[in-house]
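User: Hello, I am new to this structure and would like a close look at one part of it. Could you walk me through that part and what lies around it?

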Amino acid sequence: MDWMILIVAGLFETAFAFCLGKMKGKRGGEYRLWAMGFIGCLIASMWLLAVAVQTLPIGTAYPVWTGIGAVGTVLLGIVCFHERAFFARIFFMVTLIASIVGLKMV
């Protein structure tokens, strides 16, 4: 169950990065709504991470959490914000995933 909590925490990390991206260039009420989404996702992500590390080793849980957030943010950037998906970017994202899996295995 703790691994599921950690995965959800990583997804909330991706969500708060998405909210930051949507805040860019916004003004007024729309900016405040995305800012509230950012703060809510940030709180949820940190709280779930804190719950997960009660039983999981921090040396494994933190890299998994940041890895989910990093890979998710890159994918959202490509899909939602039309950022370029060139070979090196995909290669290093796959390398990051492989490194996190390797860290979990040792």
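Which residues does Ala 52 touch, not counting residues up to four places away in sequence?

Analyst: Happy to help. A word on the source first: this is a predicted model, where local features need pLDDT of at least 70, side-chain atom pairs count only at pLDDT 80 or more, and totals for chains, interfaces and linings use all residues. Residues are numbered from 1 along each chain as its sequence is written, and side-chain values use heavy atoms, with hydrogens and water left out.

Now to your residue. Leaving out residues up to four places away in sequence, Ala 52 touches Asp 2, Ile 5 and Leu 6; contact here means heavy atoms within 4.5 Å.

Ala 52, Ile 5 and Leu 6 belong to the largest nonpolar core, which has 11 residues. Such a core is a set of buried Ala, Val, Leu, Ile, Met, Phe, Trp, Tyr and Cys residues joined through side-chain atoms within 4.5 Å. Buried means under 20% relative accessible area, exposed means over 50%, and partly exposed is in between (1.4 Å probe, protein chains only). Among the other members are Leu 48, Leu 49, Trp 65 and Ile 100. Helix 1 (2-23), helix 2 (28-52) and helix 3 (58-80) each supply at least two residues of this core. Helices (H or I, at least four residues) are DSSP runs, numbered from the N terminus. There is also a second, separate core of 6 residues, including Phe 16, Cys 19, Ala 35 and Cys 41.

Let us look at the helix that holds your residue. The buried residues of helix 2 include Ala 35, Phe 38, Ser 45 and Ala 52, and the buried residues of this helix pack against helix 1 and helix 3. The expected span of a helix is 1.5 Å times one less than its number of residues. For the 25 residues of helix 2 that gives 36 Å, and its end C-alpha atoms are 36 Å apart, so the two values agree.

Helix 1 brings Ile 5 and Leu 6, and its buried residues also include Gly 10, Glu 13 and Thr 14. What covers the buried residues of helix 1 includes helix 2 and helix 3. Its 22 residues should span 32 Å, and its end C-alpha atoms are 32 Å apart, which agrees. Just after helix 1, Gly 25 takes a positive phi of about 80 degrees.

Finally, helix 3 contains Thr 60. Thr 60 counts as buried because its relative accessibility is 15%. Not counting residues up to four places away in sequence, Thr 60 touches Trp 3 and Lys 104.
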